[in-house]
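I opened a notebook page for this chain and wrote down each thing I looked up. The entries follow in the order I made them.

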Amino acid sequence: MDSHALQDFQSALTCSICMNYFLEPVTIDCGHTLCQPCLYFCWDESQTPRCCPQCREIVEKTDYRTDTVVKKLTSLARQARPRSDSNSGEQLCRTNGETKGLFCEVDKSLLSTPCSESPEHAVHSYSPVACMAEENREKIVKKMDPLWQKTQEMQDKLNKEIRKSESFVDYVVLRRNMIKVQYQMMHRFLLEEERFQLKTLEREAQEILQQLRDSGIRMAQHREKLKEMYRELTELCHKSDMELLQVTKEIYTRIKLLEMQKLQPVNPELSSLHITGILDMLNKFRVHNGLIQGWANRYMSLPDEVRNRIFGGDGATENPQTLESYVIWDVEAFKSGKHYWEVDVGNTSNWIIGVCKDFTSDSFEGKKGFVLFSSKKNNHCILSTNSPSLIHYLQRPAGRVGVFLDYENETMSFYDVCRGSLIYSFFSSSIISPLTPFFVFGSP
């Protein structure tokens, strides 16, 4: 191959962004080929929609496989390029004057061909410098993709922590209003207790918000460390063969230590504070001594599709396939008045309690009822309600959950019986009749 053809060949294997030989080349929708790291950095720092850094054409995909043909050609081109230091005094053997073109894997030293045949190195393993450097480069490349994936995972965690902070602030405002309304509805002058609850709420909220801010800072810092390590490895792969041969185990140790750092998100949890006299008031409206009649005779297994959608979606449980869920509902529907009953959830993490108009498998997923959910996600139990969907940053009830349906005041409330505290109240003019109590329970 003449010099002009070789130059064109090498140019075709050069990235237009970093102007180095391709590193893990990917060919995107528009047909341009770029280094995968270069593409990652460009898209990481730009706004959507993502486009080709070279022609600016918008691309649909963001996940591309390495172009193995271009990668092989690039590797051959790198190995075929002349060593810039081949004629320097340090690279010439003092014994025979020949270029040190081999690398001894045992002594980690450069050798000339005659020296490699000497008794001192005869039993050692050695390879051409360019070939050995390419092997080192490939070892580094294999560490890079998992590192970038962890960078993106950390960004996702950071985004969730930010959204959680915003959601928590809104929830605290809602919680404050619910406490005030609850005391007003009881028609009791418990001003000191109400003040204490509101003061405790504000103090805990400020502490949790600070924890969330600190967590966000740690996640952002860790993401930058991962990204900088990825950048360092990228630059290392573009270095000369001789520099690549000097790579030690130290850098792999640094990568391992960085990957071992596990940052856990903050799980906000406000205290469920006791409301004096609340259970005495509710017990005046207990139905059937608080036990819903007929439940033992009216139940069905929850379909797998629905069960996984509720309890097993997005990592809601550790192993959703092992869950066994059942739905139990009452023979009696309520049409008016005030009604209170309790459900013993024990230590079960996955359950649903509520009322609905016409019981179907999706009654507790849409707007057909008023529902309290408990589900386990990443070893943490989450409380939520529907209409609208709302996460409750509150201690999970253990034991019995009280349900109070009040047609007169158009409210539907859930209580933590053991703590004597309010979980949540629906205030809705859309409370219709009849409404049937139901309970969904799954494996712990």
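In which strand is the place of Asp406? I found Asp406 in strand β13, which covers residues 399-406. I note here that the model is a predicted one.

**Entry: Asp406**

I asked next about its charge partner. Asp406 is buried yet has no salt bridge. The nearest side chain of opposite charge is that of Lys338, 4.2 Å away. A salt bridge needs a side-chain nitrogen of Lys or Arg within 4 Å of a carboxyl oxygen, so I left this pair off the list of bridges. I then looked up what Asp406 touches, leaving out residues up to four places away in sequence, and got Gly337, Lys338 and Thr411. Lys338 thus appears among the contacts of Asp406 while also being its nearest side chain of opposite charge.

**Entry: the chain as a whole**

I stepped back to the totals. The protein chain has 444 residues, and 44% of them count as buried. I counted 10 helices and 16 strands. For contacts with a separation of 6 or more, I found that 67% are between residues 24 or more positions apart. The chain exposes about 23,600 Å², with carbon and sulfur atoms supplying 50% of that area.

**Entry: salt bridges**

How many salt bridges does a search of the whole structure find? The search returned 19. I wrote up three pairs and one network.

I took Glu138 and Lys71 to begin with; their closest N and O atoms are 3.1 Å apart. Glu138 is in helix α5 and Lys71 in helix α3 (residues 68-80), so I logged the pair as a link between distant parts of the chain, 67 residues apart. Both ends are partly exposed: Glu138 has a relative accessible area of 27%, and Lys71 has 23%.

Next I looked at Asp241 and Arg137, whose side chains meet in a salt bridge at 3.8 Å, N to O. This pair also links distant parts of the chain, with Asp241 in helix α7 (residues 241-245), Arg137 in helix α5, and their positions 104 residues apart. Are Asp241 and Arg137 buried or exposed? I found both of them buried.

The third pair is Arg254 with Glu232, where the closest N and O atoms are 2.8 Å apart. Arg254 lies in helix α8 (residues 249-260) and Glu232 in helix α6 (residues 191-237), so this bridge ties together parts that are 22 residues apart in sequence. Arg254 counts as partly exposed because its relative accessibility is 31%. Glu232, at 30%, is partly exposed too.

I also noted a network of salt bridges that links Asp44, Arg223, Glu224 and Lys227.

**Entry: helix α2**

I checked how much of helix α2 (residues 36-45) is covered. The helix is mostly covered, with 7 of its 10 residues buried. The buried ones are Gln36, Pro37, Cys38, Leu39, Tyr40, Phe41 and Trp43. What covers them? Among the elements over the buried residues of α2 I listed β1 (25-27), β2 (33-35), α5 and α6.

**Entry: surface patches**

Which residues gather in a patch of positive charge on the surface? I got Lys157, Lys160, Arg163 and Lys262. Lys157 is found in helix α5, residues 129-186. Its relative accessibility is 37%, so Lys157 counts as partly exposed.

I then looked for a nonpolar patch and found one of about 250 Å², made by Val69, Leu73 and Leu76. Val69 lies in helix α3, the helix that also holds Lys71. At 54% relative accessibility, Val69 counts as exposed.

**Entry: Lys377**

My last look-up was Lys377, which is found in strand β10 (residues 369-377). With a relative accessibility of 25%, Lys377 counts as partly exposed. I also took its distance to Asn350: the two are 27 residues apart in sequence and 9.9 Å apart in space, C-alpha to C-alpha.

Terms used. Residues numbered from 1 in each chain as written. Predicted model: local features only at pLDDT ≥ 70, side-chain atom pairs only at ≥ 80, totals over all residues. Heavy atoms only, no water. Patch = residues over 30% accessible without salt bridge, like charges linked within 9 Å, V, L, I, M, F, W, Y side chains within 5 Å. Areas by Shrake-Rupley, 256 points an atom, 1.4 Å probe, with all protein chains shown as cover. Lys, Arg positive; Asp, Glu negative; His and termini not counted. Charge placed at Lys NZ, Arg CZ, Asp CG, Glu CD. Helix = DSSP H or I, 4+ residues; strand = E, 2+ residues; numbered from the N terminus. Buried < 20%, exposed > 50% of the residue type's maximum accessible area, 1.4 Å probe, protein only. Contact = heavy atoms within 4.5 Å.
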